[in-house]
Structure formats: C-alpha cells, structure tokens
Amino acid sequence: MSPTKAMKRIIIRYNKEHPDAPLPIISPHGLRHTSASLSIYAGSDPEAVSKRLGHSRTSTTMDIYAHAFEQADQDAAEGIERVWKGKTNAG
C-alpha cells in the first residue's frame, strides 16, 4: 500500500472515531507543503525552511512558496500598523 493510501485510511478511521473534530484528507506531499507554509508564516528563516525541505537553493523555496512569504509580510506590516496606531491614539 502506498503512503498516500495508508494515510488516507488512517484519517478516515480517525474521522469515524472523532466525528466532532474531523481531519481533512491530505497526502504526505500536502503535509510537506503545509509544514513549509506554516514555517514561513511563523517567520522562520527562508534558508532554514529551504534546508528542511531539502532544496539545494533557497531561491527554489522562495519561488514555490512566494505566496506564503507575501502573506507573512503583509500580516507583519498590518501588525506594525496596529501597534503604531495604538501608540499614537493613546498619546
């Protein structure tokens, strides 16, 4: 049995036992993408994420996950704006 099929079986079994907290069906490759995107979103160093993924060049990671880097950057900018507005409004 392939890892993808085995994982699907495990998730289906889990979902039957936990109908109130089901998991989405995701492949091992999907978990890889999720892990990378969450690491980037959490502010991890792009080089560290690249090494974890086994990419020989950080530019490969940057190209594949550009959307995650852009979203993390946007969220960081909005966080700074919220803090700035809070300080200027309080003063």
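In this predicted model, the side chain of H55 makes a polar contact with the side chain of R32, at 3.5 Å. A second polar contact, of 2.5 Å, links the side chain of H55 to that of T61. H55 itself is located in the loop that runs between α3 and α4, the latter covering residues 58-64. Because its relative accessibility is 19% and the limit for burial is under 20%, H55 counts as buried. Leaving aside residues up to four places away in sequence, H55 touches R32, S50, T60, T61, I64 and Y65.

One of these neighbours, Y65, also belongs to the largest nonpolar core. This core has seven residues in all: A36, I40, V49, L53, Y65, A68 and F69. Two or more of its residues come from each of α2 (28-41), α3 (46-53) and α5 (66-90). In soluble globular proteins, nonpolar side chains tend to be buried together. Within the core, A68 touches I40, and A68 also touches S37, again not counting residues up to four places away in sequence.

Helix α2 merits a closer look. Its buried residues are G30, A36, S39 and I40, and two of these, A36 and I40, are members of the core described above. The length of α2 can be checked against expectation: since each residue should contribute 1.5 Å, the 14 residues of α2 should span 20 Å, and the C-alpha atoms at its ends are indeed 20 Å apart, in agreement. Just after α2, G43 adopts a positive phi of about 95°.

Notes
Residues numbered from 1 in each chain as written. Predicted model: local features only at pLDDT ≥ 70, side-chain atom pairs only at ≥ 80, totals over all residues. Heavy atoms only, no water. Core = buried A, V, L, I, M, F, W, Y, C linked by side-chain atoms within 4.5 Å. Buried < 20%, exposed > 50% of the residue type's maximum accessible area, 1.4 Å probe, protein only. Helix = DSSP H or I, 4+ residues; strand = E, 2+ residues; numbered from the N terminus. Contact = heavy atoms within 4.5 Å. Polar contact = N/O pair within 3.5 Å; in protein donor to acceptor, adjacent residues only side chain to side chain. Expected span 1.5 Å × (residues − 1).
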